[in-house]
Amino acid sequence: MQTQEFRYVSIKSQDSLSNSEKDTMSHLRVVVVSDTHNCHTNLQIPGGDVLIVAGDFTCHGTIPEAVRFNTYLGEQEHKYKLVVPGNHEWCPDLIRPFMTNCVFLLDNAIIINGIKFYGCRWKKKFSSLRMNDSTAKTTHIIPSDVDVLITHQPPKGVGGLDFDEKRSRGNIKLTERIKVVNPLVHVFGHTHSKGGWFDDLDGCSTTFINASTLEGSKIQAVLRKPIIFDLYH
Ligand SMILES: [Zn+2]
């Protein structure tokens, strides 16, 4: 059951545009979700040009779970569907061949209408699903010209997202790289307790979106609605 209305983010690059300017420009409508943990059929995903899934679309990262989610993706109308793995997709290379209805981003980019989207792979330690420094291994290769960055893990120091039920979840190396790259938007999930958007990272004009749809730490069918934003270009 969904508990909120659709949420619309006006990113900073649009704020400087007048309504008449917006009328003459093309835009991409982007819809973002994360951490659906097999509850995706309870979501109503609004239409748009690009659908982003920021990881944890399964509970155990199995092939049958991935196949079910891939089928669901195939039913969505968005022209582009961009997905990154979360820590619950513990072996992205195992499920990658079955993610046929999306672009499964593993440290690579796709350019859509001149806008560069880049998605990070989640590096797993085999000891636990709950590692928190895993994306640090690849943050240094995030290109400097990324417009929309997609990771599963949040950066450290944004929106009070560092701690979720007393566990640190933010990644300091990701924060450091974001301050260099300064993307327009950074989409992530992982911290279930604090969905929404944030712009409070010093020295950075990025709009941060925690797209987690689950509201609590336990896997449950209480979902926030997707976040939507428009990118003018
Ligand atoms: Zn999750």
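1. In the predicted model, Ile 111 has Lys 116 in strand E7 as its bridge partner. Ile 112 is likewise bridged to E7, its partner there being Ile 115. These pairs belong to the antiparallel pairing of strand E6 (residues 108-112) with strand E7 (residues 115-119), which runs over five bridges. The two strands form a hairpin with two residues between them. One point to inspect on the backbone is Asn 113 in the turn, where phi is positive, at about 50°.

2. Strand E7 also pairs with strand E8 (residues 148-150), here in the parallel sense and over three bridges. Gly 119 is the residue that stands opposite Ile 150 of E8. E7 is thus described by an antiparallel pairing with E6 and a parallel pairing with E8.

3. Where does this part of the chain sit in the wider sheet? The sheet is open and consists of six strands, ordered E6-E7-E8-E11-E13-E12, with mixed pairing. Its edges are E6 and strand E12 (196-198), each of which pairs on one side only. On average, and with direction ignored, neighbouring strands of the sheet are turned by 20° against each other.

4. The largest nonpolar core has 42 residues, and those touching the most other members are Val 32, Ile 52, Ala 54, Ile 150 and Val 187. Strand E2 (residues 27-33) supplies the largest share of this core, with five residues. Ile 150, named above as the residue opposite Gly 119, is among the members with the most core partners.

5. Which residues does Val 32 touch? Leaving aside residues up to four places away in sequence, Val 32 touches Ile 52, Ala 54, Val 187, Ile 209, Ala 211, Pro 226 and Ile 227. Among these partners, Ile 52, Ala 54 and Val 187 are listed with Val 32 itself as touching the most other core members.

6. Helix H5 (residues 172-181) has three buried residues: Leu 174, Arg 177 and Ile 178. They lie on the same side of H5, because the arc that they cover around the axis is only 105°. The general background is that an α-helix has 3.6 residues a turn, so residues three or four places apart point the same way. The cover over the buried residues of H5 includes strand E11 (185-188). Just after the helix, Asn 182 takes a positive phi of about 50°.

7. Is Thr 71 buried or exposed? Thr 71 is placed in helix H3 (residues 63-74) and counts as exposed because it has 12 C-beta neighbours inside 10 Å, the cut-off for exposure being 12 or fewer. Thr 71 and Phe 98 are separated by 27 residues in sequence, with a C-alpha to C-alpha distance of 9.6 Å.

8. For the protein chain as a whole, the secondary structure comes to five helices and 14 strands. Buried residues make up 41% of its 233 residues. Of the contacts with a separation of 6 or more, 65% are between residues 24 or more positions apart.

9. On confidence, the mean pLDDT of the protein chain is 82, and 77% of its residues reach 70 or more. Over residues 1-7 the pLDDT stays under 50, and the model has 17 contacts beyond four places in sequence for this stretch. The pLDDT is also below 50 over residues 126-133, a stretch with twelve contacts in the model beyond near neighbours in sequence.

Technical notes:
Residues are numbered from 1 along each chain as its sequence is written. This is a predicted model: local features need pLDDT of at least 70, side-chain atom pairs count only at pLDDT 80 or more; totals for chains, interfaces and linings use all residues. A residue is buried if 20 or more other C-beta atoms lie within 10 Å of its own, exposed if 12 or fewer, and partly exposed in between; C-beta atoms are placed from the backbone. Helices (H or I, at least four residues) and strands (E, at least two) are DSSP runs, numbered from the N terminus. The arc is that of the directions from the helix axis to the C-beta atoms. Two residues are in contact if their C-beta atoms, placed from the backbone, lie within 7 Å. pLDDT is the predictor's confidence in each residue, from 0 to 100. Two strands pair if DSSP finds at least two bridges between them. A nonpolar core is a set of buried Ala, Val, Leu, Ile, Met, Phe, Trp, Tyr and Cys residues joined through C-beta atoms within 7 Å. Axes are lines fitted to C-alpha atoms, for helices over the stretch in contact, and angles run from 0 to 180 degrees between N-to-C directions.
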